[in-house]
Amino acid sequence: MLIDYLPIVVMAVLAGVFAVGSLMASSMLRPNRPNPVKLSAYECGNDPVRLPSGERFSVKFYLVAMLFIIFDIETIFLFPWAVSFRSLGLFGLVEMAVFIGLVFVAYVYIWRKGGFDWSAGEIAPNEADEVVERERALFTRSEQEVAKPPDVNEWQGAGRAG
Amino acid sequence: MTGIDWVLLVGRVILVFVALLISVLLYIWMERKVIADFQTRTGPMRAGPRGVLVTFADGLKLFFKESISPTNADRPVYLLAPIIATIPAFLAFSVIPFGAPVVIFGRTVPLQLADLNIGVLWVLAMTSIGVYAVVLAGWSSGSNYPLLGAVRSTAQMVSYEVAMSLALVAVIMFSGHLKMSEIVAQQDKVWNVIPQFPAFVVYLICALAEVNRPPFDLAEAESELVAGFHTEYSGIRFALFYLGEYVNTVTVSAIAVTLFLGGWRGWWPFHGAAAWLGPVLWFVLKVTAVIYVYILVRGTLPRMRYDRLMNFGWKYLIPFGLFWVLATGAIVVLPDRYGHRRGAFMAVGIIVAVWLVMSLVKQLLESPRPAPASREGLAT
Amino acid sequence: MPLDNIVFWVFAPISIASAIGMLLVRNAVHAALFLIVNFFCLAVFYLLLDAPFLFAVQIVVYAGAIMVLFLFVIMLLGVDSGVPIHERLLVQRPLAFLLGAAFVVEMFLAIRAGVGFATKAPAVFTANEGGNTQAVAKILFTQYFFPFEVTSVLLLVAAIAAMVLAHRKARTVTQAEIDAAAGEPDTEEMPVYGAEAAP
């Protein structure tokens, strides 16, 4: 029983030794000439700027992580059912259909509420046209303003106004 | 356990480990050659005959390259991430049977490292550990692009993991076992790919997304995120990520072969001493075929847009996976009064599989809706 | 020494050390990593108790799914917000002591009642004939089918709660806001990289 896992332990040790060993061997053999510029975070040549702390990311990512847990638990319940649903027969099938059906209600709810919508940024589809119009108006107006000699600070400010 | 048992055990592990390393070298070379063919280039030609040693040379070069640790990096976690990328990749392969059992020194040795009772679940467990390499690499680099890339690929991997589990559940329902060897044994007459064709399609798509291969390589969309979660890794540390990624590709292909394409089964004329060779060759051939399909997909399809990727995962693959699980259950369990079971299976399966592939193509090729003019428009 | 004992004595210290490590380290991500190690040890203990299915579930669900959510929250919410944590947790501290004590008592009573300090429940071996996963299925889908169905309601509630908490409705941007944003130049300076660092 437990002995079945012995090859896996051996494999884990071997892979671990390989990974750590190659990291260490390389660190002894390779050149090491750091300088502050080389060690700075990659930012296309600018000084690295940390993303502002606080709410940095679309809340969608949390939502995906949470929904993932819910559906992951659902599939985990499916595995024991899958190996023995033949012996459970019709009762097992109905039982699982009810289970999946209830979670599916949640699925439909999330879909209707737009939880799966990634398109068009944060703009709801029915508002898209309105936003396009507004942006277009903004764009034409600003073009006249930008016509004056460009000032670097203002140029950046306008570009990053979102 | 006697000494000989230990020798056989350790020998098998080393054999599989080395075989995986060599297969990664060869598959990377094959990928570069095939892609080069698509683009009417020659591809690597210098190292070895027709450039076959190119990956080895690349690895050697990376080994001797300077490895940079960014000043902002969280060093212990930063060094841990490539190790985590490597180990689960090798462990996931451990449950896959790559040949019929052979007799050595009077012992029957299965050509499989560990035939676990929870076989398929073990693979899922290792997949979910593999996600950590991405998360930790992105976070510990202390840089923006890796963080963004890591968040993206994690969301992608977990989304497609659900659909992949559903495809696996359907196969397990059909064969009634979690053990890999039993699943291979059950396919002695018909490969699972025929009755479970939709699950096969779902699995292939999800496996691509799971190992971050094109067209799902959003994490390393170089025009947006440089190299994604491993932007700050160089030298041997990057090589370990790369190795883990390709071992994972081999593993998901081997799982596709084991669960859907009959495993190591195949026609072989020889008996006696050379009998063991046939199944191993068949296994290698089938895995190569699946990887070739992946390379074809890479050479053909454009990279997917992130919103469509998530849309496709959540709105198509998951509900379809649930539907197919219930359909499999219904077809197997409900009384087969007229003997139409197999026909119903195939008809339903093929229809939905075609629908699924069509919707993927639609997601990939549909012309975009006119997007709101971007704010950046002001600057130009 | 039987194999079970060796494995137990290897993993028991690791699990305790990782639990203590999780409490002591300052960095939230490091703490989460220790917790993952702890979950993994727990999974191995399930394996020792002849429950390989729970072993897999422990890794897939806890180490895999739930910790990913944890890491997401820690990574993205900006742990370096600067407010010392003990200033925000005044009420929680006595409450934590209370709940901790209650938990210890509960564990003691449960173990006492359950196995009476015996090392192994004897029924496991007979129940596991024909595979642990099958055994779980047999009990879960017949004897405990009602709790199983209720679990789906739990998942339903969780999904709705996640939506309500996390999903913000698309907000309409007003013209005034756009004007305000476009009108004020961003005063933050973008430094030119490498000007003084170049050799």
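1. Chain A of this predicted model contains five helices and zero strands. Read from the N terminus, the order of its elements is α-α-α-α-α. The chain comprises 162 residues, of which 30% are buried.

2. Chain C is likewise described by its helices: nine of them, with zero strands. Its elements, taken from the N terminus, follow the order α-α-α-α-α-α-α-α-α. Of its 199 residues, 20% are classed as buried. When contacts in chain C are restricted to residues at least 6 apart in sequence, 50% of them link residues at least 24 apart.

3. The packing between chains A and C may be examined through one helix pair. Two packed helices are described by the angle between their axes and the distance between the axes. Helix 3 of chain A (residues 60-112) and helix 8 of chain C (residues 145-166) have axes that come within 6 Å and cross at roughly 165 degrees. Because angles over 145 degrees count as roughly antiparallel, helix 3 of chain A is roughly antiparallel to helix 8 of chain C. The crossing of helix 3 of chain A with helix 8 of chain C is left-handed. The residues in this contact comprise 25 nonpolar, one polar and three charged.

4. The interface between chains A and B involves 66 residues of chain A in contact with 74 residues of chain B. On the chain B side, at least two residues each come from helix 1 (3-38), helix 3 (75-93), helix 5 (144-175), helix 9 (235-260) and helix 11 (306-333). Helix 11 of chain B makes the greatest contribution to the side that touches chain A, supplying 15 residues. By class, the residues on this side of chain B are 47 nonpolar, 17 polar and 10 charged.

5. Helix 4 of chain B (residues 119-140) merits a check of its geometry. How far apart are its end C-alpha atoms? They are separated by 33 Å, which agrees with the 32 Å that its 22 residues should span at 1.5 Å a residue.

6. The surroundings of helix 4 of chain B can be stated in the same manner. Since 22 of its 22 residues are buried, helix 4 of chain B is largely enclosed by the rest of the structure. Just after this helix, B:Gly142 adopts a positive phi of about 65 degrees.

Key: Residues are numbered from 1 along each chain as its sequence is written. Chains are lettered from A and ligands numbered from 1 in the order in which they are written. This is a predicted model: local features need pLDDT of at least 70, side-chain atom pairs count only at pLDDT 80 or more; totals for chains, interfaces and linings use all residues. Axes are lines fitted to C-alpha atoms, for helices over the stretch in contact, and angles run from 0 to 180 degrees between N-to-C directions. Helices (H or I, at least four residues) and strands (E, at least two) are DSSP runs, numbered from the N terminus. Angles under 35 degrees count as roughly parallel, over 145 as roughly antiparallel, 65 to 115 as roughly perpendicular and the rest as oblique. A crossing is left-handed if the near helix is turned anticlockwise from the far one by less than a right angle, and right-handed if clockwise. Ala, Val, Leu, Ile, Met, Phe, Trp, Tyr, Cys and Pro count as nonpolar, Asp, Glu, Lys and Arg as charged, and the others, Gly among them, as polar. Two residues are in contact if their C-beta atoms, placed from the backbone, lie within 7 Å. A residue is buried if 20 or more other C-beta atoms lie within 10 Å of its own, exposed if 12 or fewer, and partly exposed in between; C-beta atoms are placed from the backbone. The expected span of a helix is 1.5 Å times one less than its number of residues.
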